[in-house]
Amino acid sequence: MSNGAMEIKAISGHRGGTPGGGEYRQPDGTTRTGTSRDYDVCKLVDTTTCIGCKACEVACLEWNGYDFRETTFDDTYQTMPDTAWNFWNLIRFNEYENDDGTISWLMRKDQCMHCADPGCLTACPADGAIVQYQNGIVDFNQEHCIGCQYCVTGCPFNIPKFNDVTKKVYKCTLCSDRVGAGLEPACIKSCPTGCLHFGSKEDMLFEANKRVKQLHDNTSYSKAGVYDPEGVGGTHVIYVLHDAENPERYGGLPKNPTVPFMVKMWKGPLKWVGGLAMTFGVLGMFMHYVRYGPKEVHEEKKP
Amino acid sequence: MSGGSLARPTATAVPEGQVLRYTFVERAIHWTNGLAYLYLMLTGLALFTPFFYWMAAVLGGGGTIRYWHPWIGLIYAATIVQMHRMWRSDIKTTDADRQWLKNVEAYAKNEDANMPPQGRFNAGQKQFYWAMFYSMLLLVVTGIVMWFPEYMPRKAHFVLPIIVFLHSAAALVSIAGFLIHVYMSIWMTPGSVKAMTDGYVSRAWAKTHHRLWYEKITGRRS
């Protein structure tokens, strides 16, 4: 993980290129910009082997130095209704009644998905508040955060959470501090069943597909599949689901998440149209003055 | 205050050859509104595009402008509401206005002889007024949502992108109005700045630009 992985790939609210970014050489000798698959990191969450023990919830709090929040009892095992500014990793418990009357007890580790095309970063106006590293990690830098919560507007997974006291937004870092030091994320390290895996995106997709094939061949989960949504360019957290056709059953995992259309319009065409209109408007007024000049008032001669 | 060379003209002592165009209250409201708008435009542009984010640092930092922008927005909205109360009768559209708007090209070319005589505000000023009034309404409604998105239930989050888009679009409309307003008052129509600072314009200015208003306040036909 030493060379380039934790270099910044994209940066929020920043004019011009990415500092330290740019072209780099791949092992095969070719150069390219953007993500190199060799540097891509990925978490694989296999929901079919998750037992809902919540060790990852505790490990996340311990590593990131947060106290355990108040929990909410809602007749399920779920710790609280949603992730919070200081609770980034939540196992969602869902009971789904199948067509044959049996119950599927679905558990999903919910956290930031670290999208390859992150809506939070697209929407963020503050220079440097959100960065995307070459290895795919999307990280918030609270010292640059201004608390506007545009990231909340841009996120299709409802991940960024606002702290009303610090007026800043927080979320899972994919343990960028651990990964930068060559360690696996805290949640991965704590998992007792091996349902959590960590490695390169390529390796995790390979593992995930292998597991899906195993489920198809040996179990009745014929709709099992990998969740790596294309609408956000793929994610750096991927799931193996029993039923990949209905991800909503796993506590509201969106079927086809995208950066909201209006966010793209706002940060794309509207920005350009507005900028051009202002520039040419001012130029046009200047030319108007040069061509026609001011409106004269003819003072009356005193009698 | 007794007289003297520095004494300001008052409503009871109109300078020779001039008429009162804006009272002190009108001017105070106008400039409160104008300063608030300037702050809102600069901070808004900083949050709109990275090209202008440096403005955030100039105005106290990103967190600071995030905190003050909504509050100053309330002052801006309140002053427009007050303008609406003050100028309600002056901004009604008339038949002459429709004629004026048809001939607006002649106005832009300074062929003012072709323009129908106008009241206290000409049809272009009224257009500007309504652009700022309606954009303000949209900015306030969307702005209040953007002020406290943390209180928005998850199920309603899908409207947030629409809200921010509308807020930016309304702001751009108002910026277009603002730029034209500044250009026309400072450069295109000499005498306007004086009207909005000491309150007075020359009789000739009033007759040239707002003939019907001039006739109404002086009772003269010219």
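**Exercise 1. Which pattern does chain B follow when you read along the sequence?**

Solution. Before you start, keep in mind that you are looking at a predicted model.

Step 1: Count the elements. Chain B has 10 helices and two strands.

Step 2: Put them in sequence order. You get β-α-α-α-α-α-α-α-α-β-α-α.

Step 3: Look at the overall dimensions. Along the principal axes, the C-alpha atoms of chain B fill a box of roughly 65 × 50 × 30 Å.

Step 4: Check burial and contacts. Of the 222 residues in chain B, 27% are buried. Take the contacts in chain B with a separation of 6 or more: 65% of them come from residues 24 or more positions apart.

**Exercise 2. Work out whether the span of helix α3 of chain B agrees with its number of residues.**

Solution.

Step 1: Find the helix. α3(B) covers residues 62–87, which is 26 residues.

Step 2: Compare the two spans. At 1.5 Å a residue, α3(B) should span 38 Å, and its end C-alpha atoms are 36 Å apart, so the two agree.

Step 3: Look for a bend. There's one of about 30 degrees at B:H69, with the proline B:P70 following within four residues.

Step 4: Pick out the buried residues of α3(B). Among them are B:I65, B:H69, B:G73, B:Y76 and B:I80. Here's a handy rule for reading such a list: an α-helix has 3.6 residues a turn, so residues three or four places apart point the same way.

Step 5: Ask what lies over them. The cover for the buried residues of α3(B) includes α1 (24–48), α2 (54–58) and α6 (123–147) of chain B.

**Exercise 3. Is B:A28 buried, exposed or partly exposed?**

Solution.

Step 1: Locate the residue. B:A28 sits in helix α1 of chain B.

Step 2: Use the neighbour count. A buried residue needs 20 or more other C-beta atoms within 10 Å, and an exposed one has 12 or fewer. B:A28 has 13, so this residue is partly exposed.

Step 3: Try a distance too. From C-alpha to C-alpha, B:A28 and B:F121 are 18 Å apart in space, and in sequence they are 93 residues apart.

**Exercise 4. Describe the strand pairings in chain A, starting with the sheet that holds β1, β7 and β8.**

Solution.

Step 1: Write down the order. This open sheet of three strands runs β1-β7-β8 in chain A, with antiparallel pairing. Its edge strands, pairing on one side only, are β1 (8–11) and β8 (138–140) of chain A. On average, neighbouring strands here are turned by 30 degrees against each other, direction ignored.

Step 2: Zoom in on one pair. β7 (residues 130–133) of chain A is joined to β8(A) by three bridges, and A:V131 stands opposite A:D139.

Step 3: Move on to another pair. Eight bridges link β5 (residues 90–97) and β6 (residues 103–110) of chain A, again antiparallel. A:F93 has A:M107 in β6(A) as its bridge partner.

Step 4: Inspect the turn. The hairpin of β5(A) and β6(A) has five residues between the strands, and A:G101 takes a positive phi near 90 degrees.

**Exercise 5. Which two residues in the loop between β10 and α4 of chain A have a positive phi without being glycine?**

Solution.

Step 1: Recall the usual case. Most residues other than glycine have a negative phi.

Step 2: Find the exceptions. A:L174 has a phi near 55 degrees, and A:C175 has one near 45 degrees. A:L174 lies in the loop between β10 (168–170) and α4 (176–180) of chain A, and A:C175 is in the loop between β10 and α4 too.

Step 3: Check burial. A:L174 has 28 C-beta neighbours inside 10 Å, so A:L174 counts as buried. A:C175 is buried as well, with 24 other C-beta atoms within 10 Å.

**Exercise 6. How many residues are in the largest nonpolar core, and how many residues of chain B are in contact with chain A?**

Solution.

Step 1: Start with the core. The largest one has 82 residues, and those with the most contacts inside it include A:C120 and A:I238. Strand β13 (residues 237–241) of chain A gives the most to this core, five residues. A second, separate core of 13 residues includes B:A36, B:I80, B:M136 and B:L172.

Step 2: Turn to the interface. 36 residues of chain B are in contact with 39 residues of chain A. The elements of chain B giving two or more residues to this side are α3, α7 (160–188) and α9 (203–209). The largest share, 14 residues, comes from α7(B).

Conventions: Residues numbered from 1 in each chain as written. Chains lettered and ligands numbered in written order. Predicted model: local features only at pLDDT ≥ 70, side-chain atom pairs only at ≥ 80, totals over all residues. Contact = placed C-beta atoms within 7 Å. Pairing = 2+ DSSP bridges. Axes fitted to C-alpha atoms, helices over the stretch in contact; angles between N-to-C directions. Expected span 1.5 Å × (residues − 1). Bend = angle between axes of the 7 residues up to and from the residue. Core = buried A, V, L, I, M, F, W, Y, C linked by C-beta atoms within 7 Å.
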